[in-house]
Amino acid sequence: MATENKPRVRFAPSPTGHLHVGNARTALFNWLFARQSGGTYILRIEDTDLERSEAQYETQLIADLKWLGLNWDEGPDAGGKFGPYRQSDRMELYHDYAKRLLREGKAYLCFCSAEELEAERKKALAAQLPPNYSGKCRAIDPAEAQKRRAAGERAAIRLHIPEHPIKFHDMVHGPVEFSNEVVSDPIIVRSSGMPVYNYVVVIDDAEMKITHVIRGDDHLSNTPKQVALYEALGWPVPEFAHLSTILGPDRERLSKRHGATSVANFRDMGVMPEALVNYMALLGWAPSGGTREEFTPQELVKEFSLERVTPSPAVFDMQKLYWLNRHYVAHRLTTAPQATIELALTFFTKAGYTPDHLDPKGLTWLQSVVTLLAPGVDKLEDLPARAAMIFKYDATAAKTSPDNAEVMGLEKTAAVIASFAKKVQSESGEITAERFKAIVNEVKAETGAKGKELFHPIRIVITGSHSGPEFDKLIPIIEQGAALGLPARVLSVKERTEAFNRG
RNA sequence: GGCGCUAUCGUCUAGGGGUUAGGACGUGAGAUUCUCAAUCUUAAAACACGGGUUCGAUUCCCGUUAGCGCUACCA
């Protein structure tokens, strides 16, 4: 079968929280690599830390990955012939290999207590030595050790680290070499019988025929232990690619305390998945030439290259994400207007401006609102605030706001407002953009005001602010909005003018 | 403490023994508009430091410094 020599990669998160952008980026790079090479992408759930793992997080994780569009070929939900894909379902396998390692003398039983180990560590540290395990239990005769364990003594299983330097290759860092002196015999199975991450990850990767291990570089220092395991089991060592850390603006590891950092956060804010994907790809990767910034997921699959991934850590820049998001919102508004407006509707509804559902007429109207305001907005979540001038009108605030004081104090303001109000009063029915322009022109002729001194007072009367979108587009939106009879009613131009004069 | 990784504008990055060190976000200015946003044009802005190697280092090597990671019977 052709797929036999194709790369097999995996994303292996622990279900201990929401999918974080750091992990999402790892998932993305794995996905890009698999898709462009025609390889297989596997989702594996690493839930050996039972205390911190929760089923709800797995569901959430899957939803987040799907939202990003990172589909996998094998996984707990998708199945596959290398399953099960949840570590908690693979315990037997881990124990079988542990027995084999013990039998072959590649691993040994360790009877040291946590206190002993801790004391040893402290002593080494004080002597400015690497805090390695002394290897005390290595000398115990295996048969003797088995006897002690059978007699009820608690024992962990340790891997015997070889006496030679450990080398491996990393696609982003190049050749890496660790002296065996700095890696001590790691525990692979706890005395409780629960296997340890650094052990199970190797068993799983090997069993699942993973060819390229693409993961965060916080695993780099643990890789020698894993390589030693591959060698002890006589398995081929895969290719590695350790991705740099994503940092917050303070150059510390990106975390919740930096604000929005989980995929779910961004989704809830109204960031488009392709914007997030595009941005994450640019964190540590750039195309040859380095001048292109905008890539759809499909384009990324074509252009991406693991060899071009930078090893240095990157600071997450929200502004650049927003810039890309504006681009993708605009793009979606033209390519998939229906779905985009439905999505935008949820934000207006959350703000209390619209009901849960809008009829086709209402949706068309909302589309004009969104089309008008979206270019100035970083994320869909900000739309209602920008649209407040349409949905909310406060005559008193309009008159008393300090922001408006300067305009209100202008010489011709009173005359402009009076003239404008009178003309609007005599209008009947919906005021069109053309009609509105005519009225403004009449006011202009009557008062002699022009430019700013003409438009700003009128703008304050209508919107409560001296700045906002152009009247040509705003007036029809207000008038049509009023005609819609929304539960949270949009006031017409006439109603606004009346309220202004009354209040 | 030990070991490892990393180091180009504020940020993401391209580049590479001789370059006007390129692009993008952000920032400033201008254009446009009644105004804001968007848009367009434009400007400022970087090779961490010290030693080598070399005719010549930002680029290669070594150190220093700084940041981060690992050093768990966490993942």
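Here, a residue is called buried when its relative accessible area is under 20%. By that yardstick, 49% of the 503 residues in chain A of this predicted model are buried.

**Figure 1. Chain A as a whole: 22 helices, 11 strands and a stretched outline.** Start with the overall dimensions: along its principal axes, the C-alpha trace spans about 105 × 55 × 45 Å. The radius of gyration is 32 Å, whereas a compact globule of 503 residues would come in near 23 Å. Of the contacts between residues at least 6 apart in sequence, 73% link residues at least 24 apart. About 23600 Å² of surface is exposed, with carbon and sulfur atoms supplying 52% of it. As for charge, there are 61 positive and 65 negative side chains, and the centres of these two sets sit 1 Å apart.

**Figure 2. Close-up of helix α9, residues 273–281, and what packs against it.** How many of the 9 residues in α9 are buried? The count is 9 of 9, so this helix is mostly covered, given that buried means under 20% relative accessible area. The list runs P273, E274, A275, L276, V277, N278, Y279, M280 and A281. Packing against them are the helices α1 (21–37), α2 (55–68), α8 (263–269), α10 (297–303) and α11 (318–335), plus the strand β11 (314–315).

**Figure 3. Close-up of helix α6 and the turn of backbone at K209.** Helix α6 (197–207) is largely enclosed by the rest of the structure, because 9 of its 11 residues are buried. Those are N198, Y199, V200, V201, V202, I203, D204, D205 and A206. The cover over them includes the strands β1 (8–11), β7 (187–189) and β8, along with the helices α3 (91–103) and α7 (223–233). Just after α6 comes K209, with a positive phi of about 60°. Most residues other than glycine have a negative phi. K209 is not a glycine, and its place is in the loop that leads from α6 to β8 (212–216).

**Figure 4. Close-up of L159 in strand β4.** L159 belongs to β4, which covers residues 156–159. Is this leucine buried or exposed? L159 counts as buried because its relative accessibility is 0%. Setting aside neighbours within four places in sequence, its contacts are L101, K106, A107, Y108, D185, P186, I188, K225, A228, L229 and A232. One of these partners, A228, is 69 residues away along the chain, yet its C-alpha atom is 8.5 Å from that of L159.

**Figure 5. Close-up of T463 in helix α20.** T463 is found in α20, which covers residues 452–463. Its relative accessible area is 8%, so T463 is buried. Where does its side chain find a polar partner? A polar atom of that side chain lies 2.9 Å from the backbone oxygen of S465. Leaving out residues up to four places away in sequence, T463 touches M389, Y393, L474 and R496.

**Figure 6. Close-up of E427 in the loop between α18 and α19.** E427 sits in the loop that joins α18 (413–425) to α19 (433–447). This glutamate counts as buried because its relative accessibility is 11%. Which side chain makes a polar contact with that of E427? R435 does, at 2.9 Å. Beyond neighbours within four places in sequence, E427 is in contact with R435, I439 and K494.

**Figure 7. Close-up of R251, another loop residue with a positive phi.** R251 has a phi of about 70° although it is not a glycine. Its loop lies between β10 (246–247) and α8. The relative accessibility of R251 is 55%, so this arginine counts as exposed.

**Figure 8. Close-up of H357, with E153 for scale.** H357 is in the loop between α12 (337–350) and α13 (360–373). Its relative accessible area is 68%, so H357 is exposed. How far is its C-alpha atom from that of E153? The separation is 66 Å, for two residues 204 apart along the chain.

Technical notes. Residues are numbered from 1 along each chain as its sequence is written. Chains are lettered from A and ligands numbered from 1 in the order in which they are written. This is a predicted model: local features need pLDDT of at least 70, side-chain atom pairs count only at pLDDT 80 or more; totals for chains, interfaces and linings use all residues. Side-chain values use heavy atoms; hydrogens and water are left out. Helices (H or I, at least four residues) and strands (E, at least two) are DSSP runs, numbered from the N terminus. The radius of gyration is taken over C-alpha atoms; the globule rule is 2.2 Å times the number of residues to the power 0.38. Buried means under 20% relative accessible area, exposed over 50%, partly exposed in between (1.4 Å probe, protein chains only). Contact means heavy atoms within 4.5 Å. Accessible areas come from the Shrake-Rupley method with a 1.4 Å probe; for residues, only the protein chains shown count as cover. Lys and Arg count as positive and Asp and Glu as negative; His and the chain ends are not counted. The place of a charge is taken as NZ of Lys, CZ of Arg, CG of Asp or CD of Glu. A polar contact is a pair of N or O atoms within 3.5 Å; within protein, one must be able to donate a hydrogen and the other to accept it, and residues adjacent in sequence count only if both atoms are side-chain atoms.
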